[in-house]
Structure formats: C-alpha cells, structure tokens
Amino acid sequence: MRSDIEIALEAEMEPIQNVAAKLDINADELDLYGKYKAKLTDDLWERVKDRPDGKLILVTAINPTPAGEGKTTTTVGLGQAMDKLGKKAVIALREPSLGPCFGLKGGAAGGGYAQVVPMDDLNLHFTGDFHAITSANNLLAAMLDNHIQQGNTLNIDTKQIVWKRCVDMNDRVLRNITVGLGRKADGVTREDHFIITVASEIMAILCLAENMQDLKERLGRIVVAYTYDGKPVTAKELNAVGAMAALLKDAIRPNLVQTLEHTPAFVHGGPFANIAHGCNSIRATKMALKLADYTITEAGFGADLGAEKFLDIKCRMAGLKPDAVVLVATVRALKYNGGVKKEDLSKENLDALEKGIVNLEKHIENIGKFGVPCVVTLNQFVSDTQAELDYVKEFCESKGCEFALSQVWEKGGEGGKELAEKVITAIDTKESHFHCLYEDSLSLKEKMTVIAKEIYGAGEVLFEPAAEKELARIEKLGFGNFPVCMAKNQYSLSDDKSVLGRPEGFPIHIRDVYVSAGAGFVVAITGTIMTMPGLPKVPAAEGIDVNEEGQITGLF
C-alpha cells in the first residue's frame, strides 16, 4: 500500500491558473507562488462580492481516536465527488501546523486519493502565512518588553502581562520561562510564556477579519497587559498595529491550491479546535461561496469542539448560514469508543459497536440543536464487515439522518459520489433553520455552562477562583457579550481524555479564563489542556528526510 506522500508525489498537477479558471478567476487576479500555489487578490473579491452565495457544507466528526476518522480526507473527497457529478465545488480548509507534522498527528492535507497538493509544501512552509503570524505576534511581545525597558510610561504591571510569545512547533520547555536575565540593558526580568502559533490571537484575528481595515482594528484591540490600576493596555497604545499589519499584508489573502483531481481548494488560516476556534478564514469561506455552487469546509477535531465553534463563533461573526453538516465516523473508532483495544479493531464486534455508537448519537443530537440538516458518513475500512456497516446505517436513519458510505481514501472522488448525492438531497429537501446555541446577552458563565451541559453532557461547571476573578474583570471591562471559545481535550466529550463513549452528568472544570479582545471572544481553559503541546517519545520528525532527488520523505 502506497503512503500518502508517495501518492501525492506521483500526482500530475495542473498549473494553478487552470485550476482558477474552473472558478472563472482571471490570471491577473492571482499572485503566483510558483506553478501550483497562488494567493487571491483583493480585486477578485471586489468583482464577485455582490454575487449570491452558493451552498455551505460543514464537515465535522465524532471525537478523534487512534483508529482515525478521516475528516479532512472526507472533505477533500466530497469536493472531488461534487466535481464528478458536474457540480461547481470548492473546498475550504485550514493550513497545517508544523507542530503536529513533526510531532504525532501528521499533516492536514487529507489522505490516499483524496488529498490537497502540493502536499509537502502545504504541510511545511506553504506560502509563509504562519511565519508572518508568528513574526507579528513576537513583534508585539518585543515592543511590549521594550516599552517597559524604556521607561514604562503606560505604567504596565509586569506581574499582569498576558501577551505570550509563540512558535509553530511543539516545544514543551518554552511553556514557562524567565526572560530579561543578564545586564540592565538586557531588559526587565520577568516570567514569560510561549504558546503554539495556531493558538495565538493573531491567528484568530487573521481568520476572523473581513479585510485589512478590520484586521487593523482587531489588532489594535488586543489586550497585552494590565496597569497597576487594573486598566487594560492594548497593542494600539504600544503603537504596534501598523507594523504588525505590514507583516500580515500578504498573509491575510486566501491561498488557492488543488486536489489530486484538480478540484479548487482554498487553504487559509489554521487555528486548532481544541485550544482555539478551529476554522479556516472568513475571507476564504466567503470568497468560495461567491465562486462556487457548493463550498465544503471543515472544522477541527470532533463536533463538540470544531463544529460548535464554527457555528457559535465563526457563523455568528460572519453572518454565515450552513445548509448541511456532514458528520464523519468510522466503524473502527466507534468500536474503540465501545472499549475495544486498537490492535483488535479489525475483528467484527457488534456488541462493542453498539456500546460505542453512543458517541456518534450525541454528536447527531448536538448538530440538531443548531437546526442544520445532518448527513452521517462512514469512512470505510477494508476490515469493516457488512453487518457492522448495516448496523450503523440503520442507527443513523432511525435518527432522521441521511447516511452514506465513503470510500474516498481508496477511490478519490468516485468513492464519494454516494455521499455527495446524499448531501445534495439533504440540502434540496431539508431546509436549514440555523441558529446559534446561545444568545449574546447571556453572561459569560451562562454561555460556558450552556456549552458544557448541552454539547458535552456535563452535569455541572466548576470555576476555579482564578477563573471566577478573571470573569468578573472581563465582564466589568465590557467584554461580557462576547461568544466563548472553550479549550478542551479533543478525545472525550468531558474534560478527561480517558473517558470515552457518551459520559453524562460529569463536572467540567474551568481553571482559567482570558479575553481575546481583538478576535472577539473569551477563552475558557478546561481540565489539563495546554496551549503549547509537547513532542511524543518518538516524534514523527525522526522519520522525515530529503532523498537524493530532493524529495521529502516520511510526511504522512
């Protein structure tokens, strides 16, 4: 069996101008990054912005397991299948982070014959967006420390600095550090912290900004610290906005690439869904809706994280209204949720499937709470038996969902035709009555409680004293109407990653809270989740290399 990167390297890509032509994009509306990558210009948006929108499809999944689910693979394959059915389609994805590529999870370009290419470029430096975000984030940190060093006229309390440096790599030793050691000229000594770039507020702002003016306004509202009097200090007060915007000037524009079957793909922005809002950029999604009849996008990790944030944060801010949700599962993952060990997942086990399917059931119910039609798809593996497939199909149809098998990993777009037809049927026959889960007028605690109880199935929400104190300050500063972004482990509906299936009545522990004033939401840190991951004992980086022909090997 060939690896993903072997399949990708053998692909015959079209010049990106040819791919753009499928969406009626002119060559002069592209800024080329070589033969197969391009950024879309503002002129293109001005030309198409008044067109009616196409249909918006969100692809999400059950909680991830070591058995694999294939959410991005399904998204890519669905786009390719739409193309084969003669539909004008585009997929809208996030850019991969270097951290998982060299850590454990791998890349984010799909898999098998449902991939975005050039796969190696996409998974590594791509068009430099993440480097620009990292640079803008750390420029603000440098200007903050320099202001303190040069006299601190804003009266910043160095014990209340909340802005963190970032790097797009899993590097656990940078979580908590001391800076400013050495001579007086080397800066003020203080405790500092790093987060991974995808968790940075700059990443969130880039993905949520409508245009350059909106970007600059959001950058200006970033709270970097508090004064001794408790007043927030912003990036605007540090005179950092113009320079940060200059670094992000190109990064704010969506990227165009292609799938293995030359379906157009907008890949832009890359926040994680467990520690950030987990969706690609509003600009890319809105551009896609103007250029295609069907836009297929995905949100990170399970529906309890990525889909909830897509629907409650991104759609709320951008005025988007999804027409359908595709919920991805696998028989193997459902059996894993039913207690089967990874090495035994290839054996038929209907009892375990019955026990584990409650995880899928909860996600189906959750999508229904937003009023959007749901289509369930099983990403099929060769080890799946007909009895197992029939059981899941009957279960989903009993819940009022359209159901389809997906074989896109093996067959590309051809293997996604059944799914594409079911999605089109759902859109044509079931009206979407999309609404957010909670109102802006609720208090921040109420919003967090609604998500914890309605989406996760928690019985109570416990706020630690530090979180209680920060919530009071945030609401006093006027940020109480913001939506909330829950940072939670992705493996369980609860905040304990070891609890699989469908736990109920458990407590959710919120240990910390902070405001992302520029992004426009409040982050709640639950359980033991961290905003700077670490590398595993044997990181994927140990298997990555460049061969004598200059080709990258070992990416997956």
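How many cavities of 30 Å³ or more does the count come to? The count comes to one. Keep in mind as you click along that this is a predicted model.

**Stop 1: the cavity**

Select Glu-95, Pro-96, Leu-98, Leu-122, Leu-124, His-125, Phe-126, Gly-128, Asp-129, Phe-130, His-131 and Asp-168, and you have the lining of the largest cavity on screen. The space they surround has a volume of about 80 Å³. Now colour the lining by class: six residues are nonpolar, three are polar and three are charged. Add helix H7, residues 129-149, to the view; with three residues, H7 gives the most to this lining.

**Stop 2: the second largest pocket**

Next, select Val-162, Lys-164, His-193, Asp-512 and Tyr-514. The second largest pocket has a volume of about 1,300 Å³, and of the 41 residues that line it, these five, Val-162, Lys-164, His-193, Asp-512 and Tyr-514, are the closest to its centre.

Which elements each supply at least two residues of this lining? Show these as ribbons:

- strands S7 (156-161), S10 (190-192), S11 (194-196) and S12 (223-227)
- strands S22 (507-516) and S23 (521-526)
- helices H8 (201-208) and H19 (465-476)

Linger on S22, which gives the most to the lining of this pocket, with six residues. Coloured by class, the pocket lining shows 21 nonpolar, nine polar and eleven charged residues.

**Stop 3: strand S17**

Now go to residues 324-329, strand S17. Is this strand enclosed or open to the outside? Six of its six residues are buried, so S17 is largely enclosed by the rest of the structure. Turn on the side chains: Ala-324, Val-326 and Val-328 point one way, Val-325, Leu-327 and Ala-329 point the other way, and all are buried.

Then bring in the partners of S17. Strand S3 (residues 55-61) pairs with S17 in the parallel sense over five bridges; look for Val-59, whose bridge partner in S17 is Val-326. Strand S18 (residues 374-379) also pairs with S17 in the parallel sense, over five bridges. There, Cys-374 of S18 is the bridge partner of Val-325.

**Stop 4: Thr-297**

Select Thr-297, which sits in strand S16 (residues 294-298). Thr-297 has 0% relative accessibility, so it counts as buried. Leaving aside neighbours within four places in sequence, its contacts are Leu-56, Ile-57, Leu-58, Val-59, Thr-75, Ala-92, Asn-280 and Phe-310. You met Val-59 at the previous stop, as the bridge partner of Val-326.

**Stop 5: the nonpolar cores**

In soluble globular proteins, nonpolar side chains tend to be buried together. Here the largest nonpolar core has 125 residues, and those with the most contacts inside it are Leu-219, Ile-222, Leu-360, Val-392, Met-448 and Ile-510. A second, separate core of 42 residues includes Leu-93, Leu-124, Ile-296 and Val-326. Leu-124 also lines the cavity from the opening stop.

Back in the largest core, centre on Val-392. Beyond its neighbours within four places in sequence, Val-392 is in contact with Val-331, Leu-334, Leu-353, Ile-357, Leu-360, Leu-378 and Phe-403.

**Stop 6: Glu-12**

Finish in the loop between helix H1 (4-9) and helix H2 (16-21), where you will find Glu-12. Is Glu-12 buried or exposed? Its relative accessibility is 69%, so Glu-12 counts as exposed. For a last distance check, pick the C-alpha atoms of Glu-12 and Gly-70: these residues are 58 residues apart along the chain, and the two atoms are separated by 23 Å.

Note on methods. Residues numbered from 1 in each chain as written. Predicted model: local features only at pLDDT ≥ 70, side-chain atom pairs only at ≥ 80, totals over all residues. Heavy atoms only, no water. 1 Å grid on protein atoms, 1.4 Å probe; cavity = no way out; pocket = protein on both sides within 12 Å on 5 of 7 lines; lining within 4 Å. Points joined across faces, edges and corners; volume = space filled by probe spheres on them. Helix = DSSP H or I, 4+ residues; strand = E, 2+ residues; numbered from the N terminus. Nonpolar A, V, L, I, M, F, W, Y, C, P; charged D, E, K, R; others polar. Buried < 20%, exposed > 50% of the residue type's maximum accessible area, 1.4 Å probe, protein only. Pairing = 2+ DSSP bridges. Core = buried A, V, L, I, M, F, W, Y, C linked by side-chain atoms within 4.5 Å. Contact = heavy atoms within 4.5 Å.
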